Amino acid sequence: MSNHGHKTVTSIDVAKRAGVSQSTVSRAFSCSGKLSPKTREAVIQAANELGYRPNAIARSLVSNQTKFIGIVKSATDNSMFSELLTFMVERLQKTEYQVIYYEVGHGQSIDDILSRVLQYRVEGIILLYANLSSEITRVCRNMGIPVLQMLRYSTNAQANVVSPANHAGAALAVEHLLEKGYRSFAYITGELNASSNMERQLGFLSRLAELGYNDPVVLQGDYTYESGCRAFPLLMEHSPKLPCGVLCANDLIAMGVIDTARAMNIRIPEDIGVMGFDNIFMSNWPAYQLTSLQNPTEELADRGVQLLIDKIQNNDFTPDILQLNFKLVERRSTQLTGSPK
């Protein structure tokens, strides 16, 4: 029997029809509710017959749990962040939690956006490509809200972190460039104050120093294609010994380097070997064939979502840091042939 009138069907009506308690109805519509398959099926059947749809807002008022998780992402042209966002939302939709999403535009304050997110009584917050102040961390802690920083993080904020192992990834890039025969080196940075850039730069320079290469060129970029275009002519002004291996803080910078090098009649990979981070989809385009360090994006999403949910459910505010390894994806941009070993 369907509900043809205007009276709203409630969980009490469903409970009467199914012959169970109202709390059993609530558990039947909760991903975490423990019920026998037979009981759950009886409740769902009764709900379908009555045209019942659970009211998440009403349920949150009763349980004092909104089941909302806020995701805040800073504006960026890097498709890897959008890909990670998609994976995380997919994972959360398979749980009992709902997503509230905000994007921090250029010129906007992350603290202002987070203040708006907190108005929804979220139970957890995920930050993508966004720096977090220690003050906001303190506010969230006082409100009982765990915070997860993905990919980049603020060292002064006591929050959970899930990120790729940037330092180790940059060291892996050094090993690869040396194996391919490059004997002079350069690094083009991302945003100087970003944790990801600082770790990548330190990993690259420290591994080179360990191997006796103490004079790499370091040029400033900002994670954009245009910064790669600007940096490459400056690199050539340093007259690096060719062939030179160049590690860029991300793939977009590397693509700017490759396009500018070709415009200057500099050969890739014979004169300049180019590597990036992230292995975005454009890295495999014929025009680039860019060797890149691939982020473990799906695993980052899986581990990040599970970590945050565990923190919420256990009321655990001890910050955890989890780093996952990159995978080297070799393509033509570093395939130097006939080089000294």
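Buried means under 20% relative accessible area, exposed means over 50%, and partly exposed is in between (1.4 Å probe, protein chains only). Keep that handy for the exercises.

Some ground rules: this is a predicted model, where local features need pLDDT of at least 70 and side-chain atom pairs count only at pLDDT 80 or more, while totals for chains, interfaces and linings use all residues. Residues are numbered from 1 along each chain as its sequence is written, and side-chain values use heavy atoms, with hydrogens and water left out.

**Exercise 1.** Work out whether Phe326 is buried or exposed, and what Phe326 pairs with.

*Solution.* Step one: Phe326 has a relative accessible area of 10%, so Phe326 is buried. Step two: look for aromatic pairs, meaning rings of Phe, Tyr and Trp (its six-membered ring) with centres within 6.5 Å; planes under 30 degrees apart are stacked, over 60 edge-to-face, the rest tilted. The whole structure has four such pairs. In one of them, the ring centres of Phe277 and Phe326 are 5.2 Å apart and the planes sit at 70°, so this pair is edge-to-face. Step three: place the partners. Phe277 belongs to strand β9 (residues 272-278), and Phe326 to the loop between β11 (321-324) and β12 (327-329), so the pair links parts of the chain 49 residues apart. Strands here are DSSP runs (E, at least two residues) and helices are too (H or I, at least four), numbered from the N terminus. Phe277 is buried as well, at 0%.

**Exercise 2.** Find which residue lies over the face of Phe277.

*Solution.* The residue is Arg200, at 4.2 Å from the ring centre. The test asks for NZ of Lys or CZ of Arg within 6 Å of the ring centre and within 35 degrees of the ring normal.

**Exercise 3.** Trace the order of the strands in the six-strand sheet, then see what packs on it.

*Solution.* Step one: the open sheet reads β2-β1-β3-β4-β5-β11, with parallel pairing. Two strands pair if DSSP finds at least two bridges between them. Step two: β2 (98-104) and β11 are the edge strands, each pairing on one side only. Step three: zoom in on one edge. Four bridges join β5 (residues 160-164) to β11, and Val161 has Ile321 as its bridge partner there. Step four: add helix α12 (residues 297-314), which touches β1, β3, β4, β5 and β11 and makes about 170° with the direction of β5. Contact means heavy atoms within 4.5 Å; axes are lines fitted to C-alpha atoms, for helices over the stretch in contact, with angles from 0 to 180 degrees between N-to-C directions.
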